[in-house]
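The following exercises are to be worked with the sequence and the coordinates at hand. Each task is followed by a solution in steps.

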Amino acid sequence: MARGRAPAGARSAVVERLVAAVTEPGCPICRCLEIEARRDLAAYLREQTMDPAGRAALRRAGGFCAWHTSLLPEAADGILSVALLVEDLLAAPAPPRAACPACAALRTRLDEYLRALLEPAATARLGRGLGLPCRPHLRALRARARRDPRLGALEAALGARAARLRADVAGFIAKQDYRSAEAPTAEEARAWSEGLAHLGGRLALFGSDLARD
């Protein structure tokens, strides 16, 4: 399931997907990686469930991580392919350490999405979009791009977006007061959950092999 570094056209597509994800609430990188994970698993179940070599490779790896395993039922066209996979893995001895092949496939794309966050198109959209990258992914980006001249513009956009989130959380809290006649706006009502997602990232994703760097 592994992939190499994407060519220029594919990198442009990565930037486009990330820019689109910034228009939605939550961490755009977490969102993009989850979409990619579902697509990868659907392809695996469709193309390799009946392939002896593919199943043997998965047995050697010890199966998928908890995150990818939890996505399998939703990725399958029918539950039979999942049942066949479960039967195969249950019959195989567990290796000393599992190494999720689906996470290995996503690792390169994680780097590509981190780099895409530095692109001017993503930075510009971040300043006015709903998305806010989570702190775990931002730590990873800062470690990789500490000398990148584009990091300053990204930090400014992040600061503006984080300020909006803090204001929305404060607005939500203020409107919980019994003396307030106003109901929270849609942005304020979801701000606390967006704040949790920003602080820790998506729980399922950071329970995967991708969090072992």
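**Exercise 1. Classify Trp-67 as buried or exposed, and locate the residue in the fold.**

Step 1. The relative accessible area of Trp-67 is 3%. The cut-off for a buried residue is under 20%, so Trp-67 counts as buried.

Step 2. Trp-67 belongs to helix α4, which spans residues 66-75.

Step 3. Along the chain, Trp-67 and Ala-204 are 137 residues apart, yet their C-alpha atoms are separated by 5.3 Å.

**Exercise 2. State how far the model can be relied on, according to the predictor, and describe its overall make-up.**

Step 1. The model is predicted. The mean pLDDT of the protein is 88, and 92% of the residues reach 70 or more.

Step 2. Among the elements, the lowest mean pLDDT, 86, belongs to helix α1 (residues 8-22), and the highest, 95, to helix α9 (residues 151-174).

Step 3. The protein contains 10 helices and zero strands. Read from the N terminus, the order of elements is therefore α-α-α-α-α-α-α-α-α-α.

Step 4. Along the principal axes, the C-alpha atoms fill a box of roughly 60 × 45 × 30 Å. Of the 213 residues in the protein, 42% are buried.

**Exercise 3. Determine how many disulfides the protein has, and examine Cys-27 and Cys-100.**

Step 1. A disulfide is a covalent bond between the sulfur atoms of two cysteines. The criterion applied to the model is a pair of cysteine sulfur atoms within 2.5 Å.

Step 2. With this criterion the count is zero disulfides. For Cys-27, the nearest cysteine sulfur is that of Cys-134, 3.7 Å away, and Cys-27 is in no disulfide.

Step 3. For Cys-100, the nearest cysteine sulfur belongs to Cys-103 and lies 3.8 Å away; Cys-100 is likewise in no disulfide.

Step 4. Cys-27 has a relative accessibility of 4% and so counts as buried. Cys-100, at 4% relative accessibility, counts as buried.

**Exercise 4. Identify which residues of helix α7 are buried, and establish how they are arranged about the axis.**

Step 1. Helix α7 covers residues 120-128, and its buried residues are Ala-122, Thr-123 and Leu-126.

Step 2. Viewed down the axis of α7, these buried residues fall within an arc of 100°, and they therefore line one face of the helix.

Step 3. Pro-120 and Arg-128, on the other side of α7, are exposed.

**Exercise 5. Characterise the packing geometry of α7 and α9.**

Step 1. The two axes come within 8 Å and cross at roughly 20°.

Step 2. Angles under 35 degrees count as roughly parallel, so α7 and α9 are roughly parallel to each other.

Step 3. The crossing of α7 and α9 is left-handed.

**Exercise 6. Compare separation in sequence with separation in space for two pairs, Ile-29 with Pro-133 and Gln-176 with Ala-94.**

Step 1. Ile-29 lies in helix α2 (residues 28-47). Its relative accessibility is 0%, so Ile-29 counts as buried.

Step 2. Ile-29 and Pro-133 are 104 residues apart in sequence, while the C-alpha to C-alpha distance is 6.6 Å.

Step 3. Gln-176 is located in the loop between α9 and α10 (186-200). At 46% relative accessibility, Gln-176 counts as partly exposed, because that class lies between the cut-offs of 20% and 50%.

Step 4. Gln-176 and Ala-94 are 82 residues apart in sequence and 51 Å apart in space, C-alpha to C-alpha.

How values were computed: Residues numbered from 1 in each chain as written. Predicted model: local features only at pLDDT ≥ 70, side-chain atom pairs only at ≥ 80, totals over all residues. Heavy atoms only, no water. pLDDT = per-residue confidence, 0-100. Helix = DSSP H or I, 4+ residues; strand = E, 2+ residues; numbered from the N terminus. Buried < 20%, exposed > 50% of the residue type's maximum accessible area, 1.4 Å probe, protein only. Arc of directions from axis to C-beta. Axes fitted to C-alpha atoms, helices over the stretch in contact; angles between N-to-C directions. Parallel < 35°, antiparallel > 145°, perpendicular 65-115°, else oblique. Left-handed = near helix turned anticlockwise from the far one by under 90°.
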